[in-house]
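Work through the exercises below with the sequence and the model side by side, and try each task before reading its solution.

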Amino acid sequence: MTVICWFRRVLRLDDHPALVAAAQEGPVIPLVILDPLEARANPASAQRQAMALPDLDASLRRLGSRLIVRRGDPGAVLAQVVRDTGARAVHTTQGMPFASDDGLDRAVEQAGTRLHLHPPADLVPRGSVLTGSGTRFKVFTPFWRALRKSHIADPLPVPRLSAPDAWPNSDGLDWPEARAAMNRGWDVMARHVRAGESAAHDRLDAFLERVDARYAERRDIPADGDATSGLSDALAVGEISARRLWHKAMNAQHHGRGGVEDLLRELAWRDFARELFDAMPDMDRTCWRPEWNDFSWRGDSDEAQAWRQGRTGVAMVDAGMREMFAIGRMHNRLRMIAASYLVKHLMTDWRIGLDWFACCLTDWDAASNAMNWQWVAGCGPDASPFFRVFNPDTQAAKFDGARRYRDTWLVAGGAGARDFAAAAPLSWGVDARPVPPADLDRGRQRALDAYAAFRR
Ligand SMILES: Cc1cc2nc3c(=O)[nH]c(=O)nc-3n(C[C@H](O)[C@H](O)[C@H](O)COP(=O)(O)OP(=O)(O)OC[C@H]3O[C@@H](n4cnc5c(N)ncnc54)[C@H](O)[C@@H]3O)c2cc1C
């Protein structure tokens, strides 16, 4: 009567619909699959998931269970574990994009059992928040207003788990393919990550103790490390659910905590991204507004490579890119500035930037990444217009006036600069070559001229 629960980017016991359903059916084999393709496409995110596994295994062991880890193609691994254990069902969470589930059910059925897909514990089920005429929202603000009036389901408690008569073999908790694909400072990144379900809850609780009415303003200041929750990586690997965050935050608001409404609004962007991605599963490859597929985007180039390496000669951009490469995170304001510089000043195809973020971010999320890149590039449904070109120097003066953020990452000997030097491949020659300042006016004009031609 054994069933398998495949922990798929839901690396927690709390509010885990697939685990609850599995536990109701019989003894549960908790399974994680480390897919080499995922490790190659999203190495930092894969590393981040690997960091969460020891905590997940320890939590399961406290309940008399344990984590089974297998490496390989998910369909093949699932079929193999079903055959090894005679499991009568596999429960897991829908993939993102949902189309990526194609083929899994066939593989499981061929092994003689059924695959049950459960929705992720997002704020609302996909397609449940609709406009008055019953269509999906394409603009965030009305989506947010409708979501705010919606019922957000209570998180599910941790279920009781019973163990199978025998445990199948397990690989180790490490993910060597991810380590190899990262090809850089695993140890550097590890110093900046607090992995695990209980760490995510601690982070949220601490944040809800300190957040106040200045949240909306402070969240734009990159040197103000305490201004935001820092939970995007925990949400992305599923150490905490959006619903749990919502309900804890609502409770804090109920007790008079300021700034919570703005936090909830930010969190709603994540659901909005998923809504869009559900409506357009190739949103990470195709412009939402089809006419933008004909824009004269530039392909990969030395300039794009310099952008990846934090060597553009624009201090704010370089600082952000170095932060992301070294520690797998980048402040939201910097993401907007760095992305804007790539797609506008350098006129580079937004998908080139999207792929690099997907490679470097520990909080990589297919939907959030695609929505935000299309927002910056001006081709998304609810996007910043292309002619609005961020000036990175003006942004720096406004949000990093005292240079604290830039100095951390760019001045030799700064804590961030040391991390970056330790993480960057020698072939980049980061310290050796001076970076001449970029000509921002020229880049801006080139982008505007291209946009004018495109409109004509
Ligand atoms: C070009 C670009 C690419 C991005 N790629 C990703 C990505 O791959 N994964 C990802 O999680 N976020 C992405 N973001 C959004 C955002 O930068 C991060 O979610 C943010 O840095 C979160 O920090 P925090 O948890 O401290 O935020 P908080 O201010 O504490 O916000 C709470 C939560 O709200 C959600 N949130 C906030 N802003 C956004 C947003 N703009 N879009 C979607 N959700 C949001 C996040 O889940 C976040 O953890 C991207 C933004 C840009 C401009």
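**Exercise 1. Determine how far apart the centres of domain 1 and domain 2 lie, and describe the contact between these domains.**

Solution. The centres of domain 1 and domain 2, taken over C-alpha atoms, are 26 Å apart. The contact involves 20 residues of domain 1 and 17 residues of domain 2, where two residues are in contact if their C-beta atoms, placed from the backbone, lie within 7 Å. On the side of domain 1 that touches domain 2, eleven residues are nonpolar, three are polar and six are charged; here Ala, Val, Leu, Ile, Met, Phe, Trp, Tyr, Cys and Pro count as nonpolar, Asp, Glu, Lys and Arg as charged, and the others, Gly among them, as polar. The division itself gives domain 1 (1-121), domain 2 (122-152 + 196-279) and domain 3 (290-455), with bounds that come from an automatic or database domain assignment.

The model is predicted, so local features need pLDDT of at least 70 and side-chain atom pairs count only at pLDDT 80 or more, whereas totals for chains, interfaces and linings use all residues. Residues are numbered from 1 along each chain as its sequence is written.

**Exercise 2. Characterise the shell of residues around the ligand.**

Solution. The ligand is surrounded by 27 residues, of which Thr 228, Ser 229, Ser 232, Asn 369 and Asn 372 are the closest; a residue is near a molecule if its C-beta atom, placed from the backbone, lies within 6 Å of it. Two or more residues of the shell come from each of α11 (232-236), α13 (260-279), α16 (332-345) and α18 (366-377), the helices being DSSP runs (H or I, at least four residues) numbered from the N terminus. By class, the shell holds 13 nonpolar, eight polar and six charged residues. At the level of domains, domain 2 and domain 3 each give at least three residues to the shell.

**Exercise 3. Find which residues of the largest nonpolar core touch the most other members, and which helix gives the most to this core.**

Solution. The largest nonpolar core has 135 residues, among which Ile 4, Cys 5, Leu 31 and Val 82 touch the most other members; such a core is a set of buried Ala, Val, Leu, Ile, Met, Phe, Trp, Tyr and Cys residues joined through C-beta atoms within 7 Å. A residue is buried if 20 or more other C-beta atoms lie within 10 Å of its own, exposed if 12 or fewer, and partly exposed in between, with C-beta atoms placed from the backbone. Helix α15 (residues 315-327) gives the most to this core, namely nine residues. Turning to Ile 4, and leaving aside neighbours within four places in sequence, its contacts are Ile 29, Leu 31, Val 81, Val 82, Ala 87 and Val 90. Over the whole protein, buried residues account for 48% of the 456 residues.

**Exercise 4. Decide whether Leu 346 is buried or exposed, and do likewise for Asp 349.**

Solution. Leu 346 sits in the loop between α16 and α17 (350-360), and Leu 346 counts as buried because it has 23 C-beta neighbours inside 10 Å. Not counting residues up to four places away in sequence, Leu 346 touches Arg 298, Glu 303, Ala 304, Trp 307, Tyr 341 and Gly 443. Asp 349 is also found in the loop between α16 and α17, but Asp 349 has 19 C-beta neighbours inside 10 Å and therefore counts as partly exposed. Leaving aside neighbours within four places in sequence, Asp 349 is in contact with Trp 297, Arg 298 and Gly 299.
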